[in-house]
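Here are some short exercises to try with the model open beside you. Work through each one, then compare your steps with the solution.

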Amino acid sequence: MRNEYAADLGLSEAALAADWHTQFDRWFADAIAAGLPEPNAMIVGTADAAGRPSARTVLLKGYDPAGFVFYTNHGSRKGVELAANPWVSLVFPWFPMHRQVVVTGRAGHVDRAETEAYFASRPRGSQLGAWASTQSRVVPDRGALDEAYRAVAGRFPDPTPIPAPPHWGGFLVRPESVEFWQGRASRLHDRLRFRRVDGGDWVTERLAP
């Protein structure tokens, strides 16, 4: 199983934006314009205190020059691992465009007010689900999950506002490096990386494919 990438596509230093945020903004807009399904889907890689890794797909819910934001249950596997080891990897797998963006950085909690504002914007069913699910923990069967949802729906009957659970919130990933990967012919891909150096400045560098 192999696809040969187009020879006329590439990413040059001359075409690269001056900073990672502007470059990500360009590529993210391209992914949306191309009609990719869930272009904000990203693979979030974490590791526990012993270095055992885990990964899952999560939706990006915001980004700015400070970093990338996603939300989760703090008691989930990723939440527990980030509490013990804040280093994280994000991968945006835009395969139909032969592109990836690979981020490494440190995650920290967003302000509670930001979490509450985002939670209030979620569909009501998703709000109830955040209360009903003990994310990443073993449950006896689907019926137990459905029953928990019904119990929460009874606790917060429509149109009662649903507050953000205290165990649920956002993480901001502050990047240390952001790599833009463009597939090229003969597996000679373009890999251009923004990397933070001591003092907070950024350098750009090309990596061998």
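**Exercise 1: Threonine 46**

The side chains of threonine 46 and arginine 56 make a polar contact at 3.1 Å. Keep in mind that this is a predicted model.

Task: Place threonine 46 in its secondary structure element, decide whether threonine 46 is buried or exposed, and list what threonine 46 touches beyond four places in sequence.

Solution:
- Start with the element: threonine 46 belongs to strand S1, residues 41-47.
- Next, take the accessibility. Threonine 46 has a relative accessibility of 4%, so threonine 46 counts as buried, the cut-off being under 20%.
- Finally, collect the neighbours. Leaving out residues up to four places away in sequence, threonine 46 touches Arg52, Pro53, Ser54, Arg56, Lys78, Glu81, Leu82, Trp87 and Val88.

**Exercise 2: The largest pocket**

Task: Find which element gives the most to the lining of the largest pocket, and describe the residues of that lining.

Solution:
- The largest pocket holds about 350 Å³ of space. It is lined by 14 residues, and Tyr71, Thr72, Arg122, Gln135 and Trp168 are the closest to its centre.
- Strand S2 (53-59), strand S4 (67-73) and helix H4 (124-132) each supply at least two lining residues; S4 gives the most, with three.
- By type, the lining has six nonpolar, five polar and three charged residues.

**Exercise 3: Threonine 72**

Task: Work out whether threonine 72 is buried or exposed, and name its side-chain polar partner.

Solution:
- Threonine 72 sits in strand S4.
- Its relative accessible area is 2%, so threonine 72 is buried.
- Its side chain makes a polar contact with the side chain of serine 76 at 3.4 Å.

Conventions: Residues are numbered from 1 along each chain as its sequence is written. This is a predicted model: local features need pLDDT of at least 70, side-chain atom pairs count only at pLDDT 80 or more; totals for chains, interfaces and linings use all residues. Side-chain values use heavy atoms; hydrogens and water are left out. Helices (H or I, at least four residues) and strands (E, at least two) are DSSP runs, numbered from the N terminus. Buried means under 20% relative accessible area, exposed over 50%, partly exposed in between (1.4 Å probe, protein chains only). A polar contact is a pair of N or O atoms within 3.5 Å; within protein, one must be able to donate a hydrogen and the other to accept it, and residues adjacent in sequence count only if both atoms are side-chain atoms. Contact means heavy atoms within 4.5 Å. On a 1 Å grid over the protein atoms alone, a cavity is a set of points where a 1.4 Å probe fits but cannot get out, and a pocket is an open set with protein on both sides within 12 Å along at least five of seven lines; lining residues have an atom within 4 Å of a point. Grid points are joined across faces, edges and corners, and a volume is the space filled by probe spheres set on the points. Ala, Val, Leu, Ile, Met, Phe, Trp, Tyr, Cys and Pro count as nonpolar, Asp, Glu, Lys and Arg as charged, and the others, Gly among them, as polar.
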